[in-house]
Amino acid sequence: MDRETPSIKKWIVFYPIYLNSKQTVAEGRRISLSNACENPTCVEISDCCGHLKLPCAIEIDKAYPRDFMQRGRVRVLLKKEDGTLYNPAISSRKQSMLHVAELVPQHPGRVKKQEPASTTSTARPSKSSKSGRKKR
């Protein structure tokens, strides 16, 4: 375990705020708004890195320096010790952020969350038709 800890320190860091479409560039977003996703979590980012065959480690106790209420970060390794890439399609930090941001909205946990929201939105217009009367 002592061998693993120093090697993780060299891995690149992803804070969820880097990919968050609700944040501005000044607040810490690192990719364009069109590529960013809404409120990603460390677990979603880690699962997407696993899908891309990139080794990763979640650090729950770490906080984003600009906003210490944002807890958690993900460490990702792009290159092996001999310098070859784990995923040939991803050669830089920016490319890895873009690929992960594409996959986060398709995460299984996120898809389940969106389905109940669509059923509640269909129920709302029926209630609003009753409240259309004028009150005197």
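**Note on the predicted model: a buried charge cluster and the sheet around it**

1. R75 is buried, and so is E59. This comes from a predicted model. The side chains of the two residues meet in a salt bridge, 3.5 Å from N to O. R75 lies in strand β3 and E59 in strand β2, so the pair ties together parts that are 16 residues apart in sequence. E59 has a relative accessibility of 16%, which is why it counts as buried, the limit being under 20%.

2. E59 has a second arginine partner, R73. R73 forms a salt bridge with E59, and the closest N and O atoms are 2.4 Å apart. R73 also sits in strand β3, with E59 in strand β2, so this pair connects parts 14 residues apart in sequence. R73 counts as buried because its relative accessibility is 12%. Shared partners join E59, R73 and R75 into one network of salt bridges.

3. How many salt bridges does the structure hold? There are three. Besides the two at E59, K22 pairs with E38. The closest N and O atoms of K22 and E38 are 3.4 Å apart. Both K22 and E38 are in the loop between β1 and α2, 16 residues apart. K22 counts as exposed, at 51% relative accessibility. E38 counts as partly exposed, at 43%. The setting is thus unlike that of R75 and E59, which are buried.

4. Now the sheet that carries the E59 network. It is an open sheet of three strands, in the order β1-β3-β2, with antiparallel pairing. Which strands stand at the edges? They are β1 (12-14) and β2 (56-63). Each has a single partner strand, so one side of each is left without a neighbour in the sheet. On average, neighbouring strands of this sheet are turned by 35° against each other, direction ignored.

5. Strands β2 and β3 deserve a closer look. In general, strands of a sheet pair through backbone hydrogen bonds, either parallel or antiparallel. Here β2 and β3 (residues 71-76) run antiparallel, and five bridges join them. C56 stands opposite V76 in β3. Helix α2 (residues 42-51) packs on the sheet and touches β1, β2 and β3. The direction of α2 makes about 10° with that of β3.

6. Strand β2 also holds I60. Is I60 buried or exposed? At 55% relative accessibility, I60 counts as exposed, since the limit is over 50%. I60 forms a nonpolar surface patch with V43 and I58. Together the three residues have about 260 Å² of accessible area. E59, by contrast, counts as buried, at 16%.

7. Return to the loop between β1 and α2, where N20 is placed. N20 is buried, with a relative accessible area of 5%. Which residues does N20 touch, leaving out those up to four places away in sequence? They are R29, A36, C37, E38, N39 and P40. E38 is also the salt-bridge partner of K22.

8. The loop between α2 and β2 contains K53. K53 counts as exposed, with 63% relative accessibility. In sequence, K53 and L78 are 25 residues apart. In space, their C-alpha atoms are 9.6 Å apart.

9. Finally, the chain as a whole. The protein chain has four helices and three strands. Along the sequence they follow the pattern α-β-α-β-β-α-α. Of the 136 residues, 34% are buried. Among contacts with a separation of 6 or more, 56% come from residues 24 or more positions apart. The accessible surface of the chain comes to about 9600 Å². Carbon and sulfur atoms account for 53% of that surface.

Notes: Residues numbered from 1 in each chain as written. Predicted model: local features only at pLDDT ≥ 70, side-chain atom pairs only at ≥ 80, totals over all residues. Heavy atoms only, no water. Pairing = 2+ DSSP bridges. Helix = DSSP H or I, 4+ residues; strand = E, 2+ residues; numbered from the N terminus. Axes fitted to C-alpha atoms, helices over the stretch in contact; angles between N-to-C directions. Contact = heavy atoms within 4.5 Å. Patch = residues over 30% accessible without salt bridge, like charges linked within 9 Å, V, L, I, M, F, W, Y side chains within 5 Å. Areas by Shrake-Rupley, 256 points an atom, 1.4 Å probe, with all protein chains shown as cover. Salt bridge = Lys/Arg side-chain N within 4 Å of Asp/Glu carboxyl O. Buried < 20%, exposed > 50% of the residue type's maximum accessible area, 1.4 Å probe, protein only.
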